[in-house]
Amino acid sequence: MSFAFVSDHLALDFAATVAWRTTQPKELLAEPGDFARWAVEAGVVDRLEAVSHAELAKARALREAIYRLALAATEGAPAAGGPSDSADIARVRRAAAHPPVRLTLQAVGRVERRGGVQEVLATLAASASDLLGGPDHLLIRHCAGEPCTRLFVDRSQAGTRRWCSKRSCGSRINAAAYRRRTRDDVQT
């Protein structure tokens, strides 16, 4: 299984490692190796060695904090609107306080990304902090595709993007609408 990176932001792609949250949640980070693979596929690090179950639990807790804060942003919730927001903000801050993944220039056009789980989590928390604490938090949207629960950054010129991905959710919605229209045309 490979991961989808369609949210237009690293932190939101990380939050999307639980699919279909409201209907049939599917944990995409089921095993420690899944988190290591996600971090590499996301381009956070070049490789991630030996993730423990405790580190996976920390990663999932950070992911959930990021998801709740980003979801609150889509609903126009005020900053630190309640005790859970405060706890989530504190979790993101704690993770971001550590050194991030180290970048080493190898040659023009080639950089090496090194770090362990703590550095990956720090990088993800810093990414989330930048998104949620800056003006782009106003661009976070919830995918209109059912049963998708992915959040994404709407950078479209008109600010009217509806789907996390035109190829998956958008295509599914458009195909269903087409089937409905053709069925209705045949019945009339």
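Visitor: What makes strand E3 and strand E4 a pair, and which way do they run?
Guide: Quick heads-up: this is a predicted model. Strand E3 (residues 102-107) is joined to strand E4 (residues 110-114) by five bridges. Pairing takes at least two bridges, so these strands qualify. They run antiparallel. One of the partnerships is leucine 105 with valine 111 in E4.

Visitor: What sits between the strands in the hairpin of E3 and E4?
Guide: Two residues separate the strands there, and glycine 109 takes a positive phi near 85° in that hairpin.

Visitor: How many helices and strands does the chain have, and in what pattern?
Guide: You'll find six helices and six strands. Following the sequence, the pattern reads α-β-β-α-α-α-β-β-α-β-β-α.

Visitor: Why is phenylalanine 5 called partly exposed?
Guide: Its relative accessibility is 31%. Buried needs under 20% and exposed needs over 50%, so phenylalanine 5 lands in between and counts as partly exposed.

Visitor: And tryptophan 38, buried or exposed?
Guide: Tryptophan 38 comes out at 0% relative accessibility. The limit for buried is under 20%, therefore tryptophan 38 counts as buried. As for the chain of 188 residues, 38% count as buried.

Visitor: How many aromatic pairs are there?
Guide: The structure holds three. One of them brings together phenylalanine 5 and tryptophan 38, with 5.9 Å centre to centre and 40° between the planes.

Visitor: Why is the pair of phenylalanine 5 and tryptophan 38 called what it is?
Guide: Ring centres have to lie within 6.5 Å, and these are at 5.9 Å, so the two rings pair. Stacked means planes under 30 degrees apart and edge-to-face means over 60, so 40° makes the pair tilted. It links distant parts of the chain: phenylalanine 5 is in the segment before H1, while tryptophan 38 is in helix H2, 33 residues apart. Both rings also belong to one aromatic cluster with Phe14 and Phe35.

Visitor: What makes arginine 21 a charge over the face of tyrosine 67?
Guide: Arginine 21 lies 3.7 Å from the ring centre of tyrosine 67. The distance cut-off is within 6 Å, and there is also an angle limit of within 35 degrees of the ring normal. Arginine 21 does lie over the face of that ring.

Visitor: Which residues have the most contacts inside the largest nonpolar core?
Guide: That core has 36 residues, and the best-connected inside it are Phe14, Phe35, Leu48, Leu62, Val120 and Leu124. Helices H1, H2, H3, H4 and H5 and strand E6 each supply at least two of its residues. H3 gives the most, with eight. In soluble globular proteins, nonpolar side chains tend to be buried together.

Visitor: What does leucine 124 touch, leaving aside its neighbours within four places in sequence?
Guide: The contacts of leucine 124 are Leu10, Ala11, Phe14, Phe35, Trp38, Val44, Leu62 and Ile66. Another core, of six residues, lies apart from the largest one, and Cys148, Phe152, Trp163 and Cys164 are among its members.

Visitor: Why does histidine 142 count as it does: buried, exposed or partly exposed?
Guide: Histidine 142, in strand E5, has 35% relative accessibility. That value is neither under 20% nor over 50%, so histidine 142 counts as partly exposed. Beyond its neighbours within four places in sequence, histidine 142 is in contact with residues including Tyr67, Leu71 and Phe152.

Definitions and conventions: Residues are numbered from 1 along each chain as its sequence is written. This is a predicted model: local features need pLDDT of at least 70, side-chain atom pairs count only at pLDDT 80 or more; totals for chains, interfaces and linings use all residues. Side-chain values use heavy atoms; hydrogens and water are left out. Helices (H or I, at least four residues) and strands (E, at least two) are DSSP runs, numbered from the N terminus. Buried means under 20% relative accessible area, exposed over 50%, partly exposed in between (1.4 Å probe, protein chains only). Contact means heavy atoms within 4.5 Å. A nonpolar core is a set of buried Ala, Val, Leu, Ile, Met, Phe, Trp, Tyr and Cys residues joined through side-chain atoms within 4.5 Å. Rings of Phe, Tyr and Trp (its six-membered ring) pair if their centres lie within 6.5 Å; planes under 30 degrees apart count as stacked, over 60 as edge-to-face and the rest as tilted.
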